[in-house]
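Visitor: Please walk me through this model. I would like brief answers with the criteria spelled out.

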Amino acid sequence: MVSILIPLHTMSNSTKKILIKIQQEPTNVKFSDLLKICEEYFGQPRQSGTSHTVFKTPWPGDPRVNIQNDKGKAKAYQVRQVLLAIDKLKGSKNEH
């Protein structure tokens, strides 16, 4: 699978603001905001409708992109995993 990394300068302003906010405060993130970021970077989830929304990554294993809605909020450890996955994705794009 080939993932397409979306450079920050081509994201919408609202998505940029969400990503910056998530990076600054990963412990207080709305699930809907994290979902938007995940869809922007990793496409549509390969699994949803259960307690977990899972996104496919171009690598096996960690960091996984697996998020849960906890009463409207994203779980902080999952936010950190998503940020690590975005960094890894950016790094793999820079190597090519």
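## Core, helix 2 and loops

Guide: This is a predicted model, in which local features need pLDDT of at least 70, side-chain atom pairs count only at pLDDT 80 or more, and totals for chains, interfaces and linings use all residues. Residues are numbered from 1 along each chain as its sequence is written, and side-chain values use heavy atoms, with hydrogens and water left out.

Visitor: Which residues have the most contacts inside the largest nonpolar core?

Guide: A nonpolar core is a set of buried Ala, Val, Leu, Ile, Met, Phe, Trp, Tyr and Cys residues joined through side-chain atoms within 4.5 Å. Buried means under 20% relative accessible area, exposed over 50%, partly exposed in between (1.4 Å probe, protein chains only). Helix 1 (13-24), helix 2 (31-42), strand 2 (65-70) and helix 3 (76-94) each supply at least two residues of the largest core; helices (H or I, at least four residues) and strands (E, at least two) are DSSP runs, numbered from the N terminus. That core has 22 residues, and those with the most contacts are Ile22, Leu34, Tyr41 and Phe42.

Visitor: What is the angle between the planes of Tyr41 and Phe42?

Guide: Tyr41 is buried at 2% relative accessible area, and Phe42 is buried at 6%. Rings of Phe, Tyr and Trp (its six-membered ring) pair if their centres lie within 6.5 Å; planes under 30 degrees apart count as stacked, over 60 as edge-to-face and the rest as tilted. Here the centres are 6.4 Å apart and the pair is tilted, at 45°.

Visitor: Within what arc do the buried residues of helix 2 fall?

Guide: The buried set is Phe31, Asp33, Leu34, Ile37, Cys38, Tyr41 and Phe42. The arc is taken from the directions from the helix axis to the C-beta atoms. Seen down the axis, these residues of helix 2 line one face, because they fall within an arc of 160°.

Visitor: Which residue does Arg64 meet in a salt bridge?

Guide: A salt bridge is a side-chain nitrogen of Lys or Arg within 4 Å of a carboxyl oxygen of Asp or Glu. The structure holds one. Arg64 is partly exposed at 46%; its N to O distance is 3.2 Å, and the partner is Asp62.

Visitor: What is omega for the cis peptide bond between Asp62 and Pro63?

Guide: Pro63 sits in the loop between strand 1 (52-55) and strand 2. The cis bond joins Asp62 to Pro63, with omega about -5°.

Visitor: Is Lys71 buried or exposed?

Guide: Lys71 lies in the loop between strand 2 and strand 3 (73-74). Its phi is positive, about 55°, although it is not a glycine. With a relative accessible area of 82%, Lys71 is exposed.
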